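Hi,

Here is the structure I promised you. Have a look at it first, and then read my notes below.

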Amino acid sequence: MFFKVPVQDLQSVVQLFQEDCNGEVSHRVDFGRFFVDGEENELLLRFNPHAKTIIVARIAFRHTRKGYGTKFLQLLRDFAGKHGFTRIVFESVLTPEAVSFLRKHGFRVSESSLAGGGSHLQDGLGCDWVLGI
């Protein structure tokens with residue numbers, strides 16, 4: 001059974017992505033996943049109500065280092081609290097800038113990434129990052 005995504009509670013996220021690209025973005029729900037697609041930005045969220053986890057599977061802002069990521073995290077935390085989610089996971093983080101951002105906001109490399117071992121653990125690239133809320 002898929003999580004019934006309450007789109008009205010994610011409107012502020014859609015507005016943030018609109019602000020980032022100075023224009024329209026589309027958004028949709030498909031099989032319990034929430035998508036935002038803009039000309040130069042995007043978001044894919046998955047929801048696991050059994051594990052009480054929101055997974056950020058894909059995210060890109062047109063403008064970086066302008067506070068959009070921090071605003072997004074606060075909106076996601078608010079949504080999580082309202083709907084009973086207790087963890088946020090950023091999946092397969094691929095850039096040093098994203099690793100730095102997540103560390104700054106209290107995220108840690110996930111246990112499943114640690115269990116896999118390997119040289120990627122030193123820099124956190126390719127790992128999942130978790131925040132308990």
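The hairpin of β3 and β4 has four residues between its strands, and K52 there takes a positive phi near 55°. This is a predicted model, by the way, so please read everything below in that light. The two strands of that hairpin, β3 and β4, are antiparallel and share seven bridges. If you want a landmark in this pairing, L44 stands opposite R58 in β4.

Moving out from there, β3 also pairs with β2 (residues 33-37), again antiparallel, through five bridges. D37 is the residue that stands opposite E42 in β3. Then comes β1, which runs antiparallel to β2 and is joined to it by five bridges. Here V29 stands opposite F34 in β2. β1 and β2 make a hairpin too, with two residues between them, and F31 in the turn has a positive phi of about 50°.

On the other side of β4, the pairing with β5 is parallel, over four bridges. T53 stands opposite R87 in β5.

Put together, seven strands form an open sheet of mixed pairing, in the order β1-β2-β3-β4-β5-β7-β6. Which strands stand at the edges? They are β1 (26-30) and β6, and each has a single partner strand, so one side of each has no neighbour in the sheet.

Now for the helix I spent some time on, α2 (residues 68-83). With 16 residues at 1.5 Å a residue, α2 should span 22 Å, and its end C-alpha atoms are indeed 22 Å apart. Its buried residues are Y68, F72, L73, L76, F79 and A80. These residues cover an arc of only 130° around the axis, which puts them on the same side of α2. The spacing makes sense, because an α-helix has 3.6 residues a turn, so residues three or four places apart point the same way. The face of α2 turned away from the buried side carries G81 and K82, which are exposed.

What covers the buried residues of α2? The elements doing this include α1 (11-21), β3 (42-48), β4 (53-60), β5 (87-90) and α3 (96-104). After α2 comes G84, with a positive phi near 80°.

The aromatics deserve a look as well. I count eleven aromatic pairs. One of them is F47 with F79: the ring centres are 5.7 Å apart and the planes are at 50°, so this pair is tilted. The pair links distant parts of the chain, since F47 is in strand β3 and F79 in helix α2, 32 residues apart. Both F47 and F79 are buried.

Another pair is F90 with F107, which is edge-to-face, at 5.3 Å centre to centre and 90° between the planes. F90 lies in strand β5, while F107 is in the loop between α3 and β6 (108-109), so the pair ties together parts that are 17 residues apart in sequence. F90 is buried, with a relative accessible area of 8%, and F107 is buried with a value of 0%.

There is also one aromatic cluster to look at, formed by F3, F47, F79 and F85. Separately, R28 lies over the face of F35, at 4.0 Å from the ring centre.

Last item: N41, in the loop between β2 and β3. Is N41 buried or exposed? At 3% relative accessibility, under the 20% cut-off, N41 counts as buried. Leaving aside neighbours within four places in sequence, N41 is in contact with F17, D20, C21, V25, V36, A60, F61 and R62. As for R65, N41 is 24 residues from it in sequence and 14 Å from it in space, C-alpha to C-alpha.

That is what I have so far. Happy to go through any of it with you.

Cheers

Notes
Residues are numbered from 1 along each chain as its sequence is written. This is a predicted model: local features need pLDDT of at least 70, side-chain atom pairs count only at pLDDT 80 or more; totals for chains, interfaces and linings use all residues. Side-chain values use heavy atoms; hydrogens and water are left out. The expected span of a helix is 1.5 Å times one less than its number of residues. Buried means under 20% relative accessible area, exposed over 50%, partly exposed in between (1.4 Å probe, protein chains only). The arc is that of the directions from the helix axis to the C-beta atoms. Contact means heavy atoms within 4.5 Å. Rings of Phe, Tyr and Trp (its six-membered ring) pair if their centres lie within 6.5 Å; planes under 30 degrees apart count as stacked, over 60 as edge-to-face and the rest as tilted. A charge sits over a ring if NZ of Lys or CZ of Arg is within 6 Å of the ring centre and within 35 degrees of the ring normal. Two strands pair if DSSP finds at least two bridges between them.
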